[in-house]
Amino acid sequence: MSTRIRQLEDALAILQASISDERHPLLSDDQLKIKFGGESLDHAKSTSTPPEQSTKEVIDAFGTLALGEDGNITYFGRSAGSETLMLAEDEECDEEGENHDDGLIPLPQEIDDLSNTLPMLTLRRPNARSLEILDAFLPDRAKALSLSNNYLNHAIFFFRPIKHEELLDSLLPNVYNTAAARLHARANGQSAADRPAIDDSALPHALASLFFVFSLGALLDINLPPYNAQAEHYYHLGRAALSLRKMWPPSLETIQAVGLMATYHSLAGKKYSRDSAWCIMSVAAKLAQSFGLHRDSARFSLDPATVQRRRNLFWEIFSADVSHSLALGRPPAIHLSYVDCEYPEDKEATLSDDGEIQSSFWKLKYDYAKLIFYHVVESTLAAQPPSYTTILDLDRKVREMSFPTSLKPYLSREDGDEMYYNTSLSVRDFYASQYRTVTMIYLHRSFFAQAMLDHPTNPLQSSFAPSFLTAYRSASIIIKATAHQFDRCEGLAKRIWFLLYHTFSAAVIAGTIVTRCPNLTMAPNALEDLNMAVLLFQKASGQSQRAKIALVVLKRLQDKALKIFNANSHGHLPEPHDMSDDVSFHLC
């Protein structure tokens, strides 16, 4: 019965979101707890500490210092959870099956040296010889167009510093035409001094941007192996081109290139991490500020096209930076108090049947970054911990954030195979579907854990019962959304690892409910969610060492959950034990 009620609640929530920004009265926290019956009826009589008194004890933590085997220390803040702590363990493991240097496409020593030069410290000025060597590694135009389209179809949703028309109509032809002009000049015997002038402000970093686009296109090409050598090849060429010119004062192309390099780090194999992506994107953010992108460009009397380019680039940098900061529990590089840059024009917006403007994915992305992610970071990662009232206020803001009806993250086959199995739509929808649920996990998982500490046998009697319910509901949706994405395009779902991190965290929450509270009516559903997550990671483990590590943890949790659940079903509930010994509890 509770499963059917939950389905009706979800349907009501979707309907309400399509017609109003207000939460439906029947979806209040008290109403949501009714289906759990007597488990939550004693909440008012609970002897647990009042929320405002105990909140500080819950989240007044400095974070976590992860100590590696080599003695290096990495900091993860309060919002970082099981997925980031597993990342720290992941980096200690052998890189079996991914990114072997033996598979790299060899490069000339000069280019290899450039690739290993730190661009921020180089005093190098571009020279014709280095550029001509890099030109030789540009693929033919047909291949370049294929790689660019792969980027536009799959990687662009995570970072879009260059729009479709700018990439295909400006950047790509300009780079190729300039390379052809240099080749023609050399063929005619012109000396380097007589050859076409090198635009010191843009050309090397424009070339770097294009190589990074190629690397991301190859990385998410489902016709190529995961974490393939071709992607690595173009990535190293991009780094080499980036090192041909000093990074400051930056050009627009400099900022684009650095941001694209950070995006590769967030999507590529085990030798890269979200940790390094956060660092590099922070550099891009500081370069953007030094270029004045945080101030609205219209005030500088620039031409309209340049204003739109600058606005688009700023909000892509901001969105990526605050997303990495929230995931790792670290301060963002850009503070909104210094920002008055307006959003770029939403050319992808559509009109509803009623003639109302329906904003696009991009507007939703920027809204979540500015109105939700930033304020969650600002409130939860500040040195002074927030009150529980603040957490619930942020929760309310997340729930009230409207989702454009033009975006349908959970397409069904009834919408047609062409849309359902469209690889580009599947990536966009999967990413968009996690905005709300992942934010809820960030907000509530500390209180989810505290609710279990307050009432180990029935967390619904805790003062933090709303967080317990929200964390589980969000975890369940994340796991089901991942399964939905695997059904639509398994090849891409298994490659986008930073999204699977959230699925791992959601599975840990589900497993913790079963192992700690097998008597709750939601425990059977939580066990089903855990089993589903294990199946998903089994599918992904064939091509990802990270998924193999996650699978080991989840299998151990699954075995424990099944043992406890079955014992409880037969009336043999194991004796409660100290939570400090529970691996799943630590991972929450």
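Aspartate 135 is a buried residue in this predicted model, with a relative accessible area of 13%. Its salt-bridge partner is arginine 182, and the closest N and O atoms of the two sit 2.6 Å apart. The pair joins distant parts of the chain: aspartate 135 belongs to helix α6 (residues 128-135), arginine 182 to helix α8 (residues 164-187), and 47 residues separate them. Arginine 182 is buried too, because its relative accessibility comes to 4% and the cut-off for buried is under 20%. So both ends of this bridge count as buried.

That bridge is one of 21 that turn up when the whole structure is searched. As a general point, side chains of opposite charge can pair when their charged atoms come close.

Another of the bridges runs between arginine 309 and glutamate 253, with 3.9 Å between the closest N and O atoms. Here again distant parts of the chain are linked, arginine 309 sitting in helix α13 (residues 304-328) and glutamate 253 in helix α11 (residues 252-267), 56 residues apart. The two ends fall into separate accessibility classes: glutamate 253 is buried at 16%, whereas arginine 309, at 30%, is partly exposed. Glu166 comes into the picture as well, since a network of salt bridges links Glu166, Glu253 and Arg309.

Helix α13 also supplies arginine 311, whose side chain meets that of glutamate 342 in a salt bridge (3.6 Å, N to O). Glutamate 342 is in the loop between α13 and β3 (350-351), so this bridge ties together parts of the chain that are 31 residues apart in sequence. Arginine 311 is buried, with a relative accessible area of 9%, while glutamate 342 is partly exposed at 45%.

Zooming out, the fold is made of 22 helices and four strands. Buried residues make up 56% of the 588 in the protein. Among contacts with a separation of 6 or more, 77% are between residues 24 or more positions apart. Helix α9 (residues 203-219) is mostly covered, with 17 of its 17 residues buried. From first C-alpha to last, α9 reaches 24 Å, close to the 24 Å expected for its 17 residues at 1.5 Å a residue.

Two helix pairs are worth a look. The first pair is α17 (residues 423-454) and α19 (residues 497-516), whose axes come within 10 Å and cross at roughly 35°. The crossing is left-handed. On the α17 side the contact includes Phe430, Tyr431, Val438, Ile441 and Phe448, and on the α19 side Phe498, Leu499, Ile509 and Ile513 are among the residues met. Sorted by class, the contact of α17 with α19 has eleven nonpolar, four polar and two charged residues. Arg445 in α17 and Arg516 in α19 are both part of this contact.

The other pair is α18 (residues 465-493) with α20 (residues 523-540), packed at an angle of about 35° with axes 10 Å apart. α18 and α20 also make a left-handed crossing. Contributions from α18 include Tyr472, Ile479, Lys480, Phe486 and Glu490, and those from α20 include Asp529, Met532, Leu536 and Lys539. The class count for the contact of α18 with α20 is nine nonpolar, three polar and four charged residues.

Key
Residues numbered from 1 in each chain as written. Predicted model: local features only at pLDDT ≥ 70, side-chain atom pairs only at ≥ 80, totals over all residues. Heavy atoms only, no water. Salt bridge = Lys/Arg side-chain N within 4 Å of Asp/Glu carboxyl O. Buried < 20%, exposed > 50% of the residue type's maximum accessible area, 1.4 Å probe, protein only. Expected span 1.5 Å × (residues − 1). Axes fitted to C-alpha atoms, helices over the stretch in contact; angles between N-to-C directions. Left-handed = near helix turned anticlockwise from the far one by under 90°. Contact = heavy atoms within 4.5 Å. Nonpolar A, V, L, I, M, F, W, Y, C, P; charged D, E, K, R; others polar.
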